[in-house]
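Work through the exercises below with the sequence and the model in view, and try each task before reading its solution.

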Amino acid sequence: MATPGATTLSDDTGPIPPALRGLLPVLLALPVLALAEWTLGASPFATYLLSVVGVNIILAVSLNIVNGMTGQFSIGHAGFMAVGAYIAGVTSLSLKEIGIPGVPVAVSDQLLFVEALLAGGVCAALCGFLVGLPSLRLRGDYLAIVTLGFGEIIRVFVQNTEAFGRALGLSGIPQYSSVAMVYFWVFLVVLVARRIAGSSHGRSLWAIREDEVAAEAMGVDTTGYKVRAFVISSFFAGIAGGLFAHFVPIINPGSFTFVKSMEIVVMVVLGGLGSTTGAIVAAIFLTLLPEGLRSLFGAMGAEGSLAQKVDQIRMPVYGVLLVVLMLARPQGLFGTRELWDVLPRWLPRKKKGLT
Amino acid sequence: MSQLLQHLINGLASGTIYALVALGYTMVYGVLKLINFAHGDVMMVGVYMGYASAFALGREAQRSLWGVVVIFAVAMGGCALLGFLIERFAYRPLREKPRLTALITAIGISFALSYGFQLDVSFDGPFDFSIAGRRGGSFDFHFDRLVLLPGASPRAFPEIIAPTEWFILGDRDVVLWNWQVISLLIAVSLMVALQFLVYRTRFGKAMRAVSWDHRTAALMGIPTDRIISLTFMLSSALAAGAGLLYAIKDTSVTPLMGLYVGLKAFVAAVIGGIGNVPGAVVGALLLGLVEEFVVGYAASTWRDAVAFGFLILVLLVKPGGLFGRVAAEKV
């Protein structure tokens with residue numbers, strides 16, 4: 001079996017000194033983010049769309065750590081997203097009036113925002129641990145159903161809790177979020193996912209995915225690794241939820257249903273279970289496609305109903321897409337490979353690692 | 001005390017319906033080691049088939065005994081066909097592939113059915129056709145509108161069994177509805193028939209053999225493909241029957257009902273130990289009672305969370321379910 005991501009470990013002869021290589025993506029990303037923030041400031045719709053794309057990328061990449069790399073099948077990712085969104089939202093709401101003394105308001109707001117995000121992420125990770133511990137000791141199918149059930153429990157819990165606004169949801173959460181902040185976390189989750197894929201930790205995950213019994217026989221602490229992967233994944237889902245809560249006007253239980261979970265699952269499966277870049281590409285594609293179709297139908301002057309139909313038709317299409325993918329191309333777009341492995345020959349290509 | 005009795009009755013009534021659906025999960029899991037996620041949605045399709053046939057029969061006929069029999073037959077037969085098609089075209093090609101592919105396919109089918117049925121696809125215009133009878137007479141049908149997919153809004157399921165109170169203790173303290181008794185009878189007789197089929201017939205023996213080891217069973221001359229197909233058809237037909245009973249109880253049908261009832265039935269099957277036929281029944285009755293008591297004594301809004309909380313609890317304490325064994329995985 002190919003060991004994706006092994007390349008990052010094996011080739012340490014490059015033009016860039018190893019010490020700088022870890023930092024390089026950050027240094028490259030910063031000006032791009034600044035530029036994006038600066039050019040998009042004028043267009044709320046573009047900002048919103050880019051933020052949604054970013055949040056979906058975070059969700060898909062983080063789910064890929066569990067579903068793709070570890071081969072466990074979680075279908076309750078929206079539950080963790082909900083935990084993050086509500087915890088971060090409530091934190092921000094309660095800290096709304098407070099400013100950190102000695103720093104400008106904008107900076108203090110962003111610091112509080114990060115704090116709220118981390119609170120949401122940590123709570124989601126904690127939930128991931130609580131859910132993962134019992135179910136990850138069992139077979140994969142149980143995990144699927146337990147995660148699904150967890151999502152439902154969260155939804156019911158929120159609907160019955162006054163502090164979370166019950167079914168009405170939370171509104172008035174300060175809109176701290178920015179494209180730069182969303183893509184900072186996108187960058188972080190991709191970095192973490194790629195680093196995991198290439199590390200010894202990641203190899204253990206791949207081993208579990210390929211054959212759990214064999215992995216255990218080789219001394220891999222399967223439950224431990226699965227739970228850890230699950231915790232990391234739910235942490236980022238929580239972060240994604242927190243970000244989401246800070247750029248939409250209102251969050252309610254309806255935003256975090258089974259449908260949302262399925263959307264993320266479809267992204268991961270379409271991109272290829274185990275491929276980080278595949279998850280990114282699929283997330284971008286599946287977020288922009290309905291938007292594109294909607295504006296296309298709108299521009300064509302079609303009746304409003306047709307544009308609305310896009311939303312309705314999306315879900316059954318996702319279902320059929322899953323079935324067709326499994327029958328025709330179970331490895332998804334990229335399989336376990338990454339974007340640069342499938343690029344045409346004439347483009348610069350990374351050395352093949354252990355393939 | 002009378003309140004307790006009432007909750008007991010209601011809990012058992014919904015428990016028997018869960019049991020019928022749970023049996024389908026357990027049977028399919030038994031022969032294929034696959035959790036058929038789409039099972040609940042097959043049930044939902046069956047309910048809509050029953051709805052459509054009740055509609056076609058008209059108000060009078062749907063309440064007569066033969067009308068009810070026709071409705072059940074159409075729904076169960078249609079679902080058996082649907083189950084056959086799903087198995088043949090979606091699961092069979094994946095049988096030798098990793099388990100995850102089959103699981104994802106099942107989730108996909110479930111999704112396609114439950115959300116596909118929320119689309120509103122219908123054709124206007126009068127449709128007339130008649131079926132010529134053997135002795136000159138003919139049956140004429142007339143439809144103003146042909147509804148292919150029913151749309152998202154809930155529909156009122158016709159009262160094919162007119163609700164009557166049969167047994168009232170005190171001043172309406174404890175009420176036993178006729179449909180509760182009828183659905184209990186139907187459910188129990190279906191279960192007895194299933195028990196007979198699995199343990200007393202050649203087909204059942206073949207089914208158990210496939211469940212034990214399908215490769216060896218094939219070597220012994222058992223047509224495994226046919227057995228698996230038949231198991232699917234059987235479980236789908238059971239689901240359709242259960243779905244109709246549920247619709248009679250709940251009086252409203254929505255495309256999402258399959259998802260929820262299916263999940264709860266699945267939880268019941270896991271609680272009883274998946275793959276274990278009596279376990280599924282016990283688990284379902286237990287779940288029905290627990291749910292009813294939570295609704296009755298705690299808060300009805302928590303109802304949907306109870307099943308999953310219960311599931312996680314059982315998996316923590318007894319991972320194989322109440323009656324299941326945790327089989328050591330072999331390489």
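Two residues are in contact if their C-beta atoms, placed from the backbone, lie within 7 Å. The model is predicted, so local features need pLDDT of at least 70 and side-chain atom pairs count only at pLDDT 80 or more, while totals for chains, interfaces and linings use all residues. Residues are numbered from 1 along each chain as its sequence is written, and chains are lettered from A and ligands numbered from 1 in the order in which they are written.

**Exercise 1.** Determine how the contacts in chain B are spread along its sequence.

*Solution.* Begin with the contacts between residues at least 6 apart in sequence; of these, 72% join residues at least 24 apart.

**Exercise 2.** Place B:Trp177 in its surroundings and decide whether B:Trp177 is buried, partly exposed or exposed.

*Solution.* First, B:Trp177 lies in strand E5, residues 174-177 of chain B, where a strand is a DSSP run (E) of at least two residues, a helix is one (H or I) of at least four, and both are numbered from the N terminus. Next, apply the cut-offs: 20 or more other C-beta atoms within 10 Å make a residue buried, 12 or fewer make it exposed, and anything in between makes it partly exposed. Because B:Trp177 has 19 C-beta neighbours inside 10 Å, B:Trp177 counts as partly exposed. Finally, leaving aside neighbours within four places in sequence, B:Trp177 is in contact with B:Pro163, B:Glu165 and B:Trp166.

**Exercise 3.** Describe the side of chain B that touches chain A.

*Solution.* Start with the counts: 34 residues of chain B are in contact with 37 residues of chain A. Then look for the main contributor, which is H4(B) with 13 residues.
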